[in-house]
Amino acid sequence: MSDRRRFIIVINAAAGNQKNEHLLECISRHIPTESLLKTDQVHPGPDFEQDVDRAIRDAAAEKAVLLIAGGDGTVNTFLGRMSVLNSTVGKTTLAIIPRGTFNYFARDHGIPTEANEAIINALEGVAQPVPLCWVNREPFCVSASLGVYPKIMKARERILAKTGRSRLAAVLTSIWVFLTNQKRSLISIEHGTQVRQMKTPLVVVTCSQTQIETFDMPEASHLDKGFMILFAMRGRTSIRMLFALLKSAFGGIRNVEEISYEPVQKLQITYPRIRRRKTIEVAVDGEIRRLQNPLIFRVEHEAAQVIVPAKSREDE
């Protein structure tokens, strides 16, 4: 199969801390010149989505694999645009060279995080359909978070801009913002026939096994069946909730009273005290978006084709 694949490559030049020259050397080492149709380097900004759409259209027209290098935010953008364009340009197959901080999507699907191995996977792996989650019209392939988390993200990005990619600085900043900026907001949660209200400073909806692997929760298996998992904090004090987060991360979540969680397929979250159509900050796969109230979550099954290691499909 590898000798029949041709590639259009798109590199997010702002992703990761590796030099692009090293990545280009890896690509030229493994992909024959005749199989490489085009290589573009793109930068996040107002033209990013236009660049993504052009790459998808080119790959569809050439019947080539679209090989992208970037983190979860980059992957999410491509998956979302592929889903939107499928009906007009035809389905495109995506391959991934992970270059982010956490690379949850790649790790969820067994894609190697080292560049040489990821390129070999693009050549030798198998294409399989993957789901994609949505909140209103925004896709996410890892998680969407409400409440204090967008504030944490903003502060963390400011610190990382000054200190580089220091995980310790990022963690300390996150703790400080959580303790000093969180407030409990009233939300209404509706899924299936259930409707309930609660006050919470933090809500996370995730579709990533890797993101919650330390939580030791049997419900994580629902992610393989087209579910998302909804987490909501319900503690009354900042310190108590912080300890709950630490306890859940290091010792499992099942006995942590301050965190509620449940698998969901469709979900609506409404802020009753915020008028409808007013926007709410939502952190979507590392990007902050302003979305209208209410927030409607859903899963799109088989949203795109992604190349994964052959053993991943055999193990399913």
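Both F140 and F297 are buried, a word that here stands for under 20% relative accessible area, with exposed meaning over 50% and partly exposed in between (1.4 Å probe, protein chains only). This is a predicted model, in which local features need pLDDT of at least 70 and side-chain atom pairs count only at pLDDT 80 or more, while totals for chains, interfaces and linings use all residues. Residues are numbered from 1 along each chain as its sequence is written, and side-chain values use heavy atoms, with hydrogens and water left out.

A search of the whole structure finds 3 aromatic pairs, where rings of Phe, Tyr and Trp (its six-membered ring) pair if their centres lie within 6.5 Å, and planes under 30 degrees apart count as stacked, over 60 as edge-to-face and the rest as tilted. Two of these pairs, among them one that is stacked, are set out below.

| Pair | Centre to centre | Between planes | Class |
|---|---|---|---|
| F102 and Y104 | 5.3 Å | 5° | stacked |
| F140 and F297 | 6.2 Å | 80° | edge-to-face |

The pair of F140 and F297 links distant parts of the chain, since F140 lies in strand β6 (residues 138-140) and F297 in strand β16 (residues 295-308), 157 residues apart; strands (E, at least two residues) and helices (H or I, at least four) are DSSP runs, numbered from the N terminus. In the stacked pair, F102 is partly exposed, with a relative accessible area of 36%, whereas Y104 is buried, at 16%.
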